[in-house]
Amino acid sequence: MVDRDSPGDKAREEFFSEAQEIIDGLSRDLLALDALAKRGQSDAELVNDVFRAVHTLKGLSGLFGAAMMSGLSHELEDLLDDLRLGRIELTQQVLDLLFQAVELYGRILGAAKGDGAEPVEEVKDLLSAMGQVAQQKGGGGAGVVAQYELDPGLLGVLTEYEEHRLRTNLQAGLSLYRLRVVFQLATIDSALDELKAKTRPHGEIITYLPTGEGGDVDSVELEILVASRTPLATLRGALEGPNIAIEEVRRRDAARPDEGQRRDSAFPPPPLTPPNLMGRAPPTGFAPAEAAHLPPIAHDYDDDPHHPTSAPPPPMPSMAPAGPAAVAPGQQAGKEVSLKSVSQTVRVDIRKLDHLMNIVGELAIVRSSLGKLGDRARGRPELRELYGDLQRLHRAFERHLAQMQNGILEVRMVPLGQIFDKLARIVRQISREHDKQVNLVITGAETEIDKLIVEELSDPLMHMIRNAIDHGIEPRDGRMGVGKPVVGTIALNAFQKGNRVVIEVEDDGNGIDWLRIRDLAARRNLISPDEAASMAPTEAINLIFAPGFSTREQANEVSGRGVGMDIVKTNIAKLSGMIDVTTEVGKGTKFSITLPVTLAIIQALVIQSAGHTFCIPLNSVLESIMVETREISTIEGHEVIILNKKTLPLLHLSRLFALRPLSKSYRDPHRVYVVVVGLAQHRVGLVVDELLGQQDVVIKPLGSAVRNVPGIAGATELGANRTVLLLDVGRLVDEGVRQADAAISVGGQGSSVGPGPGGGSGGGNHPGMGGSTHVR
Amino acid sequence: MRALVRAMLEDPEFADGLGGIEVSEASCGFEAMRLLPRGRFALVVTDINMPDINGLELIQFVRRSAHFGATPLVIISTQSTERDIERGLALGANAFVPKPFSKELLRATCAKFLTGAG
């Protein structure tokens, strides 16, 4: 389990992924708090979770010598501590600071991975802003714990964190109960789980302490502190059992307090910090009365060893891999378990899964060889028995291999919610910067997709969201003028459709005006005046994906970061995905991204063209047909056939890749094979020479020689070390559709390419969207 | 973390000169409480943050026991919980090893309590 040779790299990877995970969680919690704050509410649990996350991050970054992150976390932890103890209020200002911190964490982490520079100035600014907030804090209920009849021995074994929880609950006015429970050591885990489950609806368990009494070798008595709003009698009823004694921990002043928050005047007043007086008391004051009761607690407040100036300065530059002692991945894991309680998960480097997947690929090749071996034995009577055995073996092998493959694929899947959360943060940020009120509605966050695809999706989606806010959603006045609600809506929808995942980014803004797009494109010389004159609306709107196109009259902070929709489209295409846009002027715009669920292994149709073998992802193959050459007609130089009453543009792979056709490979000069491929609602027929069959293929990265060849998505092996190229269907469909569009807009009359109700054949992969302008 | 400590402790190089080390591992405080009465341990190594009872509570549990109350205790924890570490020591832990730690430090610390134990 522990790799003693583990290099620093491995530990760093662990660090990155764990830190990223924590930051993501942090962001989620903040968004939830933000939503609550808008309704004037808060949630102590959530604030605590945020605190805990930052605390973990601090420990983690300290462990890795990530000075900047650790320093930021330290200050942030102080701020959050003030927050959860009610010393400062969770105002919009504080929320902004917290969101900024999350953003900076992301950038620090990015910088450590070599992506961008460390946000030194920004962190400094944030720290000083946080310092100012901290100045405003009022006195806390530091003394509240001491007001209860708690055994100093018990208080002495509370961790700092548990003590905070205790204090927070008492401050919130909850009652405190002491449970004494005898557990059999053999069954303590399940018995305690049961007790926890029973207690949870009533309140929070602060700590479990073995009393050292009442137990023998096989049993142990635990003292359990529970903070709850439930009256004692009710709690007794709920938790009742032969081994449980429940009592309320009373306040020392015995008088029934009407309000837990207020420091009772009966209690010796602290001379230094009358918290109700000014609300500006320094946090360092400490009631001597408490100090007398609980000397060690004083460390909580009375010194402040980690002042910003003395933030832990590791000798290494930030993020440098720490020395050999720090590289054990298990270390963080242990820490995580302790803070997040029990989580039955392991973190796995995606490359390990790739490796496993490659092995599955090798095994698939072994399997097919095994099959061939069987075939050879089949025709020989003397080998009949052997043949039977081989067949059985082959089937079992096949079954288990499929299970293994599915298992690995399943492990790679992560919910899209992971990036949706990040996007929610961005929406919040941009809409504030832009003074546009935007409501983000997310559906299908649980939709799962390959981890690697998720990683690559965040940038394109982020850009689309920026666009939606910047170009889509109108300014307040504009919205009111046309009778729309002032708050704009951006919907982020995800759903699985067959073996593909569709992600939609939809806004209720002003839509895209195709004439404006066309004219802009003409002005930028992306199209000729002639082309502009004959351009169809759908084609014009598609120009937003053209390289060099941008509707920005002037660059602005939101979308003006040099990334256009062409980059978005390219990025999506790299994932074997496709992007579509539907828009209606005045109503809004919807981008739909269609993606494969995984890129790791796919079923492919193996075909041959001009003597070369290619694979086509089977999930984009709708059908394969044989076509008489006389059925092929030509519109404006582009070949098409009519299939199911619709025009299907044809592409010759041999021409596309400039391969010299081998005349002899045409078995019949009057017939060709056409593989109908489709993505979203588009389809194209690929003219090929031979269909060789179907096979599972493991996709491998391309060598540099073909990396940038359009139409090629990857490479794979088909056994005997034969490398075969995988076609990029998205790209090919694009190409076919582009040609068809051109053909139609020039000469087309009566023919139509594109979707129709119940359209098409075989695959059933048709969204059949109707209504608004449709663009390919 | 546990696995790491275990690996370090079980390293033959480490155990050499200490008369051999046999490591028992508890996944949480309760398990430690289950294990402790069942064997004679020369040394207890614990973290502060654990899923159930915390390290301080475990220390107190050990120290209060009539049977194994004298077992040497080493805390391994991050520096960030300074206050907790002080408490742990006050409760009777014998030594503290900050995370991250080196094999040498762990060895040196443990060796103090293990010499002659075996």
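Trainee: Which residues is Ile408(A) in contact with, leaving aside its neighbours within four places in sequence?

Mentor: This is a predicted model. In it, Ile408(A) touches Leu353(A), Leu356(A), Met357(A) and Val360(A), once neighbours within four places in sequence are set aside.

Trainee: How far apart are the C-alpha atoms of Ile408(A) and Met357(A)?

Mentor: They are separated by 7.1 Å. Along the chain, the two residues are 51 apart.

Trainee: Which helix holds Ile408(A)?

Mentor: Helix H13 of chain A, residues 384-412.

Trainee: Why does Ile408(A) count as buried or exposed?

Mentor: Check relative accessibility against the cut-off. Buried means under 20%. Ile408(A) has 7%, so it counts as buried.

Trainee: And the whole chain? How many residues of chain A count as buried?

Mentor: Chain A has 776 residues, and 50% of them count as buried. About 36000 Å² is exposed by chain A, with 52% supplied by carbon and sulfur atoms. The secondary structure comes to 23 helices and 23 strands.

Trainee: What share of the contacts in chain A with a separation of 6 or more comes from residues 24 or more positions apart?

Mentor: Those pairs account for 71%.

Trainee: Where does pLDDT stay under 50?

Mentor: Start with the general idea. Where pLDDT is low, predicted coordinates should not be read in detail. In chain A, one such stretch under 50 is residues 553-562, with 19 contacts beyond four places in sequence. Another is residues 747-776, with 65 contacts of that kind.

Trainee: What is the mean pLDDT of chain A?

Mentor: The mean is 73, and 74% of the residues reach 70 or more.

Notes:
Residues are numbered from 1 along each chain as its sequence is written. Chains are lettered from A and ligands numbered from 1 in the order in which they are written. This is a predicted model: local features need pLDDT of at least 70, side-chain atom pairs count only at pLDDT 80 or more; totals for chains, interfaces and linings use all residues. Side-chain values use heavy atoms; hydrogens and water are left out. pLDDT is the predictor's confidence in each residue, from 0 to 100. Contact means heavy atoms within 4.5 Å. Helices (H or I, at least four residues) and strands (E, at least two) are DSSP runs, numbered from the N terminus. Buried means under 20% relative accessible area, exposed over 50%, partly exposed in between (1.4 Å probe, protein chains only). Accessible areas come from the Shrake-Rupley method with a 1.4 Å probe; for residues, only the protein chains shown count as cover.
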